[in-house]
Amino acid sequence: MRSALGALFLVCALGSVATVSSAAELAAEQVLHKGNGAEPQTLDPHKAEGVPSSHILRDLYEGLTSEAPNGDIIPGGAASWTLSEDGTVYTFKLRPEARWSNGDPVTAMDYVYGLRRSADPVTASKYAQILAPIENAESVVAGERPVEDLGVTALDDFTVEIRLKAPTPYFLGLLNHSSTYPVHRATVETFGDKFSRPGNMVNNGAYVLDDWVVQSHIVLKRNPMYWGDANTTINTVYYYATEDQSSELKRYRAGELDYTYDVPVSQVGWIRDHLGDELEVSTYLGIYYFGFNVTQPPFKGNLKLRQALSMAIDRRVICEKILNLGEQPAYGFVPPGITGYESQVAGYADMTRDERFAEARRLYNEAGYSEDNPLQVEIRYNTHENHKKVSLAVAAMWRAVLGVDYTLINEEWKVFLQTRKLKQDTQVFRAGWIGDYNDPYTFLELMHSKHGINDSGYNNPEYDALLAEISVQTDMDRRAKLMEQAERMLLADQPIMPIYYYVEKGLVKPYVDGFVPNIMDHHYTKNWRILAH
């Protein structure tokens, strides 16, 4: 993350650098086949949510900033930028050679229009809260100000000014998130909600949308209008919906996939023995958790019940016996390892297993439940072999320790997201969060009462007030202490039940060149190439 408070900050354009020595080493056919998890619910960059959509959108669009293969922030649609002395005004100089896929120049007004559309309550973006560092963003998102009041201005055709409400150390990293992408205004106004479909989409990234067969695959073709096309090698990329990890592994072994979205935990031993050189496991900025719907019974107003259920989980068993790829038990919400921040943990983290279970039973009884009057609860998860295994493990632990009666409910990804948002039928639901930028705030802001992805319905004015103070705090030590306080408050209120910290895991064919693990698990097809094999 680059920042420069109180100093001029200038970045020069960087280009992709091929990692092969000559064209003779490249495969004649530059086609990549990638497993991609659940079927994306949309490719509208301002409405999309979930990792599968974001993987594809990084190929289709380009924000003001981009990322190097190792995750470092580099120039994207902006060739350079400066930061004011007080750290609140960024001035971005666009690449004059940048073009939309239809040949139109990419202008400053395109970025302004994209940011305004993302913040506009009419768009109903679930990610609009991410724009909060921008001047007036929160009041625009709330419908209290017109979108024209958002602190973004086109100073000329190729200069964008963004004004912040306070210095924001992670802001450059935020600008490669899809909620900040530009969109082609004429196309949006012509096609409305259908602008992101094949044949309609006009985009500014390294690839264009060629085909979309629902629950099968999405095809992207190389974009000859992209400013960096000369450094792009792969011509076509297929993204496959791969919710069944065992089937995905079979397709990988059959040569139908070059890269998997995940690996089936039930076959980790076999994979290590037979495909060990192709298994990639690395640190990942993410948390796997279950949410409690605190707006409805039985969890509304019943903190002791939520605490009991969380304490009845043996996270180490889940990590070591079920997952077995280096995942770490989670007793907090913010993953460890972020520089300058000490991740917080729940008070029971240091208890022995027996002590924790005994306290869970006491709280369960005080919450009004017992062996004769067991909790009857629904656990909801989206279609995914590994989610099913973890959900079953959690349910079995609840039954063994507390005597809970449970029902498991599996839903397809799009339905699952919608059910969670409505907060009517959910009780306990599987969830996960991957950091949008390398800062604790990307996790903490998720539980703001007005955040579009706060599917627990958590609403604590004191927590919201802490987030508001954090968002304008310029003393980095003070800011870190406030974030630690906010995380402790969240853990004490227990609207969520952390289970484990993710690792990035997948299979990559040895002839896929350019893959570099990074903590964000952000990969751009333009940086990869297929070697002769």
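Me: Which residues of helix H8 are buried?

Reply: This is a predicted model. A residue counts as buried when its relative accessible area is under 20%. In helix H8, residues 303-311, that holds for Leu305, Arg306, Ala308, Leu309, Ser310 and Met311.

Me: What covers the buried residues of H8?

Reply: The cover includes two strands, E11 (279-292) and E16 (496-507). It also includes the helices H9 (315-323), H10 (353-366), H11 (385-402) and H15 (476-493).

Me: How should I read a helix in general, and what span does helix H2 reach from its first C-alpha to its last?

Reply: An α-helix has 3.6 residues a turn, so residues three or four places apart point the same way. Helix H2 covers residues 108-119, which makes twelve residues. From first C-alpha to last, H2 reaches 17 Å, close to the 16 Å expected at 1.5 Å a residue.

Me: How many of the twelve residues of H2 are buried?

Reply: Ten of the twelve are buried, so H2 is largely enclosed by the rest of the structure. Among them are Tyr111, Val112, Tyr113 and Leu115, and also Asp110 and Arg117.

Me: Which elements do the buried residues of H2 pack against?

Reply: They pack against three strands, E5 (89-94), E6 (152-156) and E7 (159-163), and against two helices, H3 (137-141) and H5 (185-191).

Me: Three of those elements are strands. How is a sheet read, and what is the order of strands in the open sheet of four?

Reply: Strands of a sheet pair through backbone hydrogen bonds, either parallel or antiparallel. Here the order is E4-E5-E7-E6, and the pairing is antiparallel. Strand E4 (78-83) and strand E6 stand at the edges with a single partner strand each, so one side of each has no neighbour in the sheet. On average, neighbouring strands of this sheet are turned by 25° against each other, direction ignored.

Me: How many bridges join E6 to E7?

Reply: Four bridges join this antiparallel pair. One example to look up is Thr153, whose bridge partner in E7 is Glu161. Helix H2 packs on the sheet, where it touches E5, E6 and E7. The direction of H2 makes about 170° with that of E6.

Me: How is empty space found, and how many cavities of 30 Å³ or more does a search of the whole structure find?

Reply: Rolling a probe the size of a water molecule over the atoms shows where empty space is left. The search finds eight cavities of 30 Å³ or more. The second largest cavity holds about 90 Å³ of space. Its lining consists of 14 residues, and those nearest its centre are Arg58, Tyr61, Glu62, Tyr524 and Lys526. Helix H1 (51-60) and strand E2 (65-67) are the elements that give two or more residues to this lining.

Me: What should I look for in the backbone, and which peptide bond is cis?

Reply: Most residues other than glycine have a negative phi, and most peptide bonds are trans. The bond from Pro297 to Pro298 is cis, with omega near 5°. Pro298 is found in the loop between E11 and H8.

Me: Where does Gln215 lie, and what is its phi?

Reply: Gln215 lies in the loop between strand E8 (207-213) and strand E9 (217-222). Its phi is positive, about 60°, although it is not a glycine. Gln215 is partly exposed, with a relative accessible area of 39%.

Me: Is Asn324 phi positive or negative?

Reply: Asn324 has a positive phi of about 65° and is not a glycine. Asn324 sits in the loop between H9 and strand E12 (328-329). With a relative accessible area of 36%, Asn324 is partly exposed.

Conventions:
Residues numbered from 1 in each chain as written. Predicted model: local features only at pLDDT ≥ 70, side-chain atom pairs only at ≥ 80, totals over all residues. Heavy atoms only, no water. Expected span 1.5 Å × (residues − 1). Buried < 20%, exposed > 50% of the residue type's maximum accessible area, 1.4 Å probe, protein only. Contact = heavy atoms within 4.5 Å. Pairing = 2+ DSSP bridges. Axes fitted to C-alpha atoms, helices over the stretch in contact; angles between N-to-C directions. 1 Å grid on protein atoms, 1.4 Å probe; cavity = no way out; pocket = protein on both sides within 12 Å on 5 of 7 lines; lining within 4 Å. Points joined across faces, edges and corners; volume = space filled by probe spheres on them.
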